[in-house]
Structure formats: structure tokens, C-alpha cells
Amino acid sequence: MSSPEKWTHPGPDGPPATAAAPTAEQVIAGLKATDEGGADLVQLLTPEGERVQHPDFDIDISAEELRGLYRDMVLVRRADREANALQRKGELGLWVPLLGQEAAQIGAGRALRPMDMAFPSYREHGVAWCRGIQPTEILGMFRGTDNGSWDPVEHRFHPYTIVIGNQVLNAAGYAMGQKFDGKVGDDADSEATMCFFGDGATSQGDVHEGFVWAAVYDAPLVFFCQNNQWAISEPTERQSRLPLYQRARGYGFPGIRVDGNDVLATLAVSRWALEECRQGNGPILIEAFTYRMDAHTTSDDPSRYRLSDELELWKLKDPIERVKVYLVKQQWADHAFFDSVEADAEQLAIGMRDYCVNLPDPPAERMFSQVYAEANPVLDAQRDEFLAYHAGFAGGEH
Amino acid sequence: MAAPTMDPLTSATPAAKQTLTVAKAINNGLRAAMEADPKVLVMGEDVGKLGGVFRITDGLQKDFGEQRVLDTPLSESGIIGTAVGLAIRGYRPVCEIQFEGFIFPGFDQIVSQVAKLHFRTQGRIKLPMVIRVPFGGGIGAVEHHSESPESYFAHTAGLKVVACSNPADAYWMIQQAIDSDDPVLFFEPKRRYYEKGEVDTTAAPAPLYSSRVLRTGTDATLVTYGPMVRTSLDAAAAAEEEGRSLEVVDLRSLSPLDLGPVYESVRRTGRLVVVTEAPSESSISSEIAAKVQQECFYSLEAPVLRVTGFDTPYPPSKLEEDFLPDLDRVLHAVDRSLAW
């Protein structure tokens, strides 16, 4: 199989650049929705739970640390399933499932240091968990009581961004600021930024512009693309001819494809990339090759556009199961541990249910508050008129 | 019910009538346009295999193929920018923007190219393209899924902007928009997608860029469009029970505005309430108020009043019932107008 390099730089005997449509093999090797990550995939723990070596990336992981990653993944999956169920019961307007992407998000999230910054899209419930945000704090925006309730400054975790790709430029700017503030280099207080987006977003101008800006300013920014193979109904081949990680080359920085269902590999590559950025060698693109096991959102019906065979293939690559197998094989965890994680997960779910159904509706005046940092007499007048009107219904039939 | 009053949104003349939802009416309209002209393309995110997230393009790719119904890359600037090129090349693209809140990555192309090419080239380039935009709130959605951005486009010279409110208009207006040699922003009231009404498929009820009196009345005039037409008609029906006769005008075209029927109405009723989901500042409702006071100054018994969304970001959905004009707020404004 000719490498993608050949179709971007055809040799004298190669095909002309204008005939660069990928072959079926090339498509299967990394473009079409597939479970094959290709030869460049960084993997440290196989789906069967075998620990494998990689020449460039490895990680020293203690039993305690791996148990922690396992616990993180089980808990965020349980939280995700609980939120999905709450939507089905009518307690949430919508939910955006992360099912299947736990390793990508926990690996990346646990690589972040407290002073690093993260910019999510809207599926990063696992990264939020790693930033110290409780799943309950995410429920409000899907119940319609708020637009995200965590403090983005305190947690160094930006609000969810729904418009596809917008946050990538915002992250580039934040990372530029880290550099301008002298937080890049050998000092212990050096910082980096990680920006999350999906395969679909890579078609947006904002993402390409983010690549350009971060490169031009040597910004300490890790672009973390979760390629979950599907942008609602469109497979990755609708977004790119080239495997996504290879795009980085054109912008002048490294791109690495990691097994996004392998929490060890994701953690190792993310730690490396963040450290490179803190040292001033950013930006870096990581493509976490994973799979959206559930629908795009609870409003979506994937049976209309994808085959269940594909889902079955990916079930064999489950991010949690392989860690469990490895923990058992290494005798790093016993039944009591797994039972305690299950019990914690159940407690978390119970807490979410209680919290969700008791979330109070916001007062009407919330609409008018915090629209501006400074006073706005026009809006104040509108608010007063509305509140007077609203008060007219007090005790009435409204 | 004996001899009910004909509901102007849902009743057609008894010729070739079909009962359709707004969603199905647009789907049928698109199909008719694609059958009539092989140059008509449909393009957007998830419009092909999935049939769009609201299923407005359901079945079109299956019947017309992937070259006429394009599942595009996830890029609104790309959808609109390439539609410009396709239009220059002789196609008539119909772009779908999945939700109105996602139109802004394509805003540059709309304002800088779509709106200006005809003028800049002295008419040598025509852009017969349609940009379909589901808009408005009331569906309990998350951010960027419930907004009313139509004033931005009506404010931009070179664009035509229309909004349908019912199945019959949906069926005909989409075809008329595709037929138009000017670029048309076609706003679809997403919370009314599944409301049914009769569609007469033999004749369009009115030209595209015309407003339409949907209910005649004598005491005050309500002017509205899109999702607020249903709200306004309901308000007029409720007012009738209290002995008040309200006239309801569906603007249908937001740019150009066809205010002749509004002036005629206001000269009779002397009172005008403009109802929109969009916020009020520098908006279509401001424009109507300005023009009506200019044209009907001596007929007005009260100032033009507006019932609109507030000048705030669209709130979390638990507050949208407070944000969106409803029957009570419309009638409250009518009361104020009548008591002036």
C-alpha cells in the first residue's frame, strides 16, 4: 500500500497529484469509519489487555495509578449512562453521550496539570471529571436551568462550546497568552493548553485557523481531536482524504495518532505532548482514534446511517474491559476493588438522579442578569417592565 | 363543530388538497423543485443519508443521488461559499444550515459574497441560491438552537429574506425561493415543523415577496411572521371571545417588506402590535414601527407597540416560556394599545 506521503509528494513513477484520491485500502487504513487505526497507531495496551511496547512512547504506571484510571473510566461511564437515562425519563432535554470515549478523555484529562487549561467541545464529560467538575454540574445545561454551572477560571476548564470548532481559536489565543506571560520553558510553573474537538470539526475554518495561529506563535497548545468516526451521520471520509493526524504536517507541527480506547497510550502521548508544549515545542496535534458507541445525542438515531456490525467490532475494543483484564492479570486488583468501584459508581448515579430532579428552575430575572459587565439602562428598563408584567400574574392563573 | 370559521393557516380551497406537516410540505416542495429542474441541488450537513436532523430532506438523496443531495463536510462557510461557486456555474443550490445558531461561521460568505456579487458584477453574476434556516425557540433545546437571527440578514442589502408559517406557504414558498434569481434566506419555524395543514398543490396562494392578511379584524392589527403567526392567530381567537376583533397579517417576506396590506389595515384599525421572537433593538420590528408611523401617522390611535424576545442572549430553556412572546403578552399589548 502506498503511503499517504506518496500521494501528496508523488515521485517520478508515482501517480500525479491530481489523481490523489485514496485507494480503498488507504481509506480503510484510516479514513472511513473503521476499527483499524493503521500502522502509526500508538498503543500500549491491546484490546485483549496485553501490555505492548512502543519505540517512542511508553509510560511507567503503578498499580495504584492504573486502578485510579480504571475507576475514573467506570465512574464517568456510569455518570454518562445515568444522564442518558435521565433524558429518557424526561428529566433532561438532551444528553450528549461519551460512551466509548472514556479512555481518550481520562487519558488526556489526567495528563493535565492543575495550572494547565482545557477547552472542551460538548462531549467532554470525562475531561470535566478530571478537572474536578462533578457530573451534577453538567446536568443544568441539558436540563435547561443554566448554560453550564462550573467556574471555568477555578477549574481551568472552559464552558462547553456547541458551535463546532469555535473553541479551537479561543484555545489558541489562551495558549498565546500563556506564552506571552512567560509560562513556557523549564520552570516548574510552566503551563500548556489542551483543546478538544472532533473529527467533524476538522472541516471548520476555525480549526484550520487555530492550527495556523498556534503554529505561527509557537503556542503551547495540544490539539486533542477525538476521531469517533462519526459526525452525526457522516463518516470521517466526508471530512478528509488524509488520516487526520497527518494534517498537522502541513501546518508545521507533529501529529500523532493514538489508540483512543487505550487509556495508557492516551495518557502517555498526552503527557508527552503537554510537556513538549510547556517546554516551548508546541503546538502538537493528537488524534485519538476511538468510536462513538452511542448516538450523537439523545435526539439522534444511528440506525438510519450506520451498521450494527461496526458497533459490534468496536465493542471488542472496549476501553474499560482491557484495563480490567490487565489489572487482574497483573494481580493489581481484586474483587473487593472492582466491587468498591461499582458501589462508588452506583452512589454517583443516585446522587445525580437526586440532584437532577431537585434542580430548581431559575428565576425569570436570570435572563437579564450578567448579559453585560457594565450597566445597560436599556436592558434594565426591559427587565423592569417584564418583572412588573410578570408580577401582575402573581397568584393568578399564569 | 358546526360551520367552523376557516382557519387560515390550515385550510385550502377544496381543489387538490393534501394534509401535510410543515416539514413534509417543505420536503415535497424541494422534491417538486428538484424534479422540475436538474440544476437544483440540496447541500448541507446530514441532509443525505440521514435526511437532515429534522428529516426535511428525507428520501431526497435516495431518489436523486449523491451528486444532487450532498452530505457536505462540517463547515457552514464551506456550504455557503461552495454554493456561490456552484450557482455561478449554473446550479441552483439549496443549502441547509442545521440550526440558525450555526449560520455564523457562514456569515462572512453570506454578507461579503452572496449579498454583493450581483451588484459588484452589474448583474453579470446571478446567485439563485437558497439558504434554509430552521429558526426560533420553543423546543427546549440547548444553546444556539433556538435563536432568531433574521434581522442580521434583512439588514444586509442584496439578500432576500422570507419566513414561512404554515404548510401551504412552506410548500410553495420553498419552490418560489428556488425559482428566484436572487439569493434567498429561507427561515423555517422549527417549532411548527410538525403542525399540519391543508396544501393546495395546484396553485401558489400568493407571490413570494408578499405579505398576507390571514384574519380580518377591526379593533387592532397584529403583524408577525414565522412561528409567531400561530401565536398571534390564537391570540386573535381568544380576543374574539372577549369581543375584540383583531386583524392578523403574516409578513412572509422580511426583505423586501411588503407593508401595503399593513398600512391598509392600520388605517382601518388605528392600532398596531408587532409580534416577533427576535429581540427588539434594531430589528425587523423596529423597521415596521418606523415605516408605519411614517405612512399612517394620522390614522394611529396609539403608538406602535412591540411584543418581542428580550435583548438578552437566548436563555436556558427552562426560561424560554418567559422569553418568548405568548398569547398573554400579545393580548396584554393589545389591551395597552386599546387603552391608550
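## An exposed residue, Asp354(A)

In this predicted model, Asp354(A) counts as exposed because 11 C-beta neighbours lie inside 10 Å (exposed means 12 or fewer other C-beta atoms within 10 Å of a residue's own, buried 20 or more, and partly exposed in between, with C-beta atoms placed from the backbone). Asp354(A) belongs to helix α14 (residues 335-357) of chain A, helices being DSSP runs of H or I with at least four residues, numbered from the N terminus. Although 218 residues separate Asp354(A) from Thr136(A) in sequence, their C-alpha atoms are 9.5 Å apart in space.

Local features need pLDDT of at least 70 and side-chain atom pairs count only at pLDDT 80 or more, whereas totals for chains, interfaces and linings use all residues. Residues are numbered from 1 along each chain as its sequence is written, while chains are lettered from A and ligands numbered from 1 in the order in which they are written.

## Nonpolar cores

The largest nonpolar core (buried Ala, Val, Leu, Ile, Met, Phe, Trp, Tyr and Cys residues joined through C-beta atoms within 7 Å) has 201 residues, and Val222(A), Ile286(A) and Val273(B) have the most contacts inside it. Beyond its neighbours within four places in sequence, Val222(A) is in contact (C-beta atoms, placed from the backbone, within 7 Å) with residues including Ala192(A), Leu274(A) and Ile286(A). Another core, lying apart from this one, has 6 residues, among them Phe310(B) and Tyr314(B).

## Helix α4 of chain B

In helix α4 (residues 107-114) of chain B, Gln109(B), Ile110(B) and Val114(B) are buried. The buried residues of α4(B) fall within an arc of 100 degrees seen down its axis, so they line one face of the helix, the arc being that of the directions from the helix axis to the C-beta atoms. These buried residues pack against α3 (76-88) of chain B.

Notes:
Two residues are in contact if their C-beta atoms, placed from the backbone, lie within 7 Å. Helices (H or I, at least four residues) and strands (E, at least two) are DSSP runs, numbered from the N terminus.
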